[in-house]
Amino acid sequence: MSRDVRLFLQYIAPSMIGMLIAGSFSIVDTIFIGRGIGKTGLAAVALTWPLVMLFGALGDMIGSGAAVIISQSRGAGDEARAQKALGNMVSLQLLGSIAGGLPALLWLEPLLRLFGATPELMPDAFVYARIMIVGAFAGMFMTGCIAVVRNDGRPFLAMWLVICGLLGNMLLDWLFIMVFQWGAAGAAYATVVSQALAGILGLVYFLSPQTMLKITGGSLKLSGRAVRHICITGIPIFGNMLSIIAMLFMHNFQALRYGAVDGLAAYTLVAGLESVGSLLMSGLAGGVQPLTAYLYGAGKHRRQNRIGNYGYWTAFGLGIVLMLGAFAFRRIMPGWVGLTGQVGALAAHGVLLSSPAFLLLGVIRVAGFYYQSTGKIADASLLIYGDSFFALPLCLFLLPVWFGMDGVWLAMPVSRVILFAILCYLWFGKRRKEKAHVDRPYFAERVDGTVAADR
């Protein structure tokens with residue numbers, strides 16, 4: 001096994017496991033809410049996810065932006081810049097949670113009505129969203145800690161931080177929902193407390209002698225240059241999360257429109273699977289990112305391209321596995337979240353039609369992270385924001401007109417095909433225009449557009 005293959009596996013395995021476990025937060029909540037409250041509780045909480053995840057997207061943007069800068073700085077031997085990025089990450093996340101949380105709490109009920117909350121769904125949706133917004137910093141800080149710990153060369157520690165959070169969430173969900181009967185509020189409290197636990201463990205790491213990265217008073221002081229670089233570098237990741245949020249919001253809206261409460265309840269299962277698949281692919285891409293960012297900073301472009309290739313092929317193979325697994329278990333999965341009868345059958349049908357999206361999802365995700373880590377922010381943003389503001393909205397609002405509820409399920413796989421066409425343009429169309437670059441023996445060099453420097 002070559003050095004690069006070992007390095008690739010060393011980073012992607014814990015990153016993927018960690019993101020899969022992170023995605024399991026929503027699955028665990030869905031299972032306990034479905035069994036403890038029923039389909040109305042599932043539908044109510046599903047309505048809040050786009051709003052709640054906006055805070056996660058902001059935290060992920062800041063955390064991943066700082067993490068990429070830390071890797072690039074380490075590759076270039078600039079420890080002071082890495083230190084500043086860590087401290088500014090924490091300050092930005094705290095300010096972001098306050099600046100976003102206060103207006104969201106003031107206008108929470110109108111926002112939920114905008115998202116489609118009916119009088120039947122409003123009570124549970126309001127309680128769940130309010131608690132999650134108040135505790136938003138816990139989730140943001142946890143996300144940032146995991147990204148930085150992984151890029152600090154501790155991918156397995158990052159994975160264990162997520163595992164601790166998930167185990168805490170499972171235990172508290174059972175206690176608050178099934179034992180104390182706190183309903184949607186119990187699910188929210190369980191999530192916030194478990195995220196805070198993982199964040200505290202991450203903080204302990206940065207205060208320990210195990211790393212040169214420290215959270216100090218000086219590093220917490222905001223620097224205009226550091227803030228700008230963190231935000232610009234994290235923009236593609238924000239778009240990645242925005243894509244998931246847009247998927248949930250628009251699917252919720254259309255599922256409620258074409259399938260009423262049954263359709264929205266059925267979509268909670270499909271949304272959970274799509275979110276887990278998306279986060280798993282993000283974990284793969286997140287494992288590739290620190291390696292390519294470091295190699296890019298060190299000027300080792302041939303190895304950087306090779307790592308990118310490994311990511312593309314792994315993503316495609318994983319997509320096949322996820323699609324076949326969804327096909328095989330589609331009839332029994334609805335029962336796991338308490339969906340039976342007509343609603344369960346509708347959910348199984350939704351899984352069947354939507355799961356082909358997994359085939360191209362990971363390839364597109366790896367490409368976006370790869371472009372970000374190698375300084376091609378515009379290309380990364382084209383892929384990611386093209387999903388949120390073009391491909392997915394187009395499919396979600398046109399396909400149901402022709403196919404009804406089936407069009408809602410088909411929106412994800414069709415939009416992946418559109419995005420893959422855009423990616424093919426970046427791979428091949430732009431390459432033909434770059435006449436100066438001739439030697440491209442590796443597929444990823446077509447993506448990067450650079451000539452190998454470390455043959």
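**Exercise 1. Place V148 and describe its surroundings.**

Step 1. Find the element. V148 sits in helix 6, which covers residues 136–151. The model is a predicted one.

Step 2. Buried or exposed: which word fits V148? Its relative accessible area is 0%. Buried means under 20%. V148 is therefore buried.

Step 3. List the contacts. Set aside neighbours within four places in sequence. V148 is then in contact with G63, A67, I70, L86, M89, F206 and L213.

Step 4. Compare sequence and space. V148 and P290 are 142 residues apart along the chain. Their C-alpha atoms are separated by 9.7 Å.

**Exercise 2. Do the same for P290.**

Step 1. P290 belongs to helix 10, residues 224–297.

Step 2. Its relative accessibility is 4%, so P290 counts as buried.

Step 3. Which residues does P290 touch, not counting those up to four places away in sequence? They are Y11, S71 and N151.

Step 4. Take a second pair. P290 and G153 are 137 residues apart along the chain. Between their C-alpha atoms there are 8.8 Å.

**Exercise 3. Work through two residues of helix 3.**

Step 1. Locate them. Q93 is in helix 3, residues 79–106. I98 is found in helix 3 too.

Step 2. Read the accessibility of each. Q93 has 0% relative accessibility, so it counts as buried. I98 has 44% and counts as partly exposed.

Step 3. Note what Q93 touches. Residues up to four places away in sequence are not counted. The list is G59, I62, G63, F137, M140, F141 and G144. G63 is also among the contacts of V148.

Step 4. How far apart are I98 and V134, C-alpha to C-alpha? They are 8.7 Å apart in space. In sequence, 36 residues separate I98 and V134.

**Exercise 4. Find the salt bridge, then examine R330.**

Step 1. How many salt bridges does a search of the whole structure find? It finds one.

Step 2. Name the partners. The side chains of E109 and R113 form a salt bridge, at 3.1 Å from N to O.

Step 3. Check their positions. Both E109 and R113 lie in helix 4, residues 108–114. They are four residues apart, about one turn of the helix.

Step 4. Check the exposure. E109 has a relative accessible area of 37%, so it is partly exposed. R113 has 47%, so R113 is partly exposed as well.

Step 5. Turn to R330. It lies in the loop between helix 11 (301–329) and helix 12 (333–336). R330 is buried, yet has no salt bridge.

Step 6. Why does R330 lack a salt bridge? A salt bridge needs a side-chain nitrogen of Lys or Arg within 4 Å of a carboxyl oxygen of Asp or Glu. The nearest side chain of opposite charge, D406, is 12 Å away from R330. R330 therefore does not meet the cut-off.

Step 7. See what R330 has instead. A polar atom of its side chain lies 2.6 Å from the backbone oxygen of F327. Leaving aside neighbours within four places in sequence, R330 is in contact with A348, V351 and L352.

**Exercise 5. Describe the nonpolar surface patch and the loop beside helix 7 in sequence.**

Step 1. Name the members. The patch is formed by L171, W174, M178, V179, F180, W182 and Y189. Together they have about 690 Å² of accessible area.

Step 2. Which helix gives the largest share of the nonpolar patch? Helix 7, residues 155–179, gives four residues.

Step 3. Look at one member. M178 lies in helix 7. Its relative accessible area is 33%, so M178 is partly exposed.

Step 4. Move on to Q181. It lies in the loop between helix 7 and helix 8 (183–206). With 56% relative accessibility, Q181 counts as exposed. Its phi is near 60°, a positive value in a residue other than glycine.

**Exercise 6. Summarise the whole protein.**

Step 1. Count the elements. The protein has 17 helices and zero strands.

Step 2. What percentage of the 455 residues is buried? Buried residues make up 59%.

Step 3. Look at contacts between residues at least 6 apart in sequence. Of these, 80% join residues at least 24 apart.

Step 4. Finish with the surface. The protein exposes about 17400 Å². Carbon and sulfur atoms supply 70% of that area.

Notes: Residues numbered from 1 in each chain as written. Heavy atoms only, no water. Buried < 20%, exposed > 50% of the residue type's maximum accessible area, 1.4 Å probe, protein only. Lys, Arg positive; Asp, Glu negative; His and termini not counted. Polar contact = N/O pair within 3.5 Å; in protein donor to acceptor, adjacent residues only side chain to side chain. Contact = heavy atoms within 4.5 Å. Patch = residues over 30% accessible without salt bridge, like charges linked within 9 Å, V, L, I, M, F, W, Y side chains within 5 Å. Areas by Shrake-Rupley, 256 points an atom, 1.4 Å probe, with all protein chains shown as cover.
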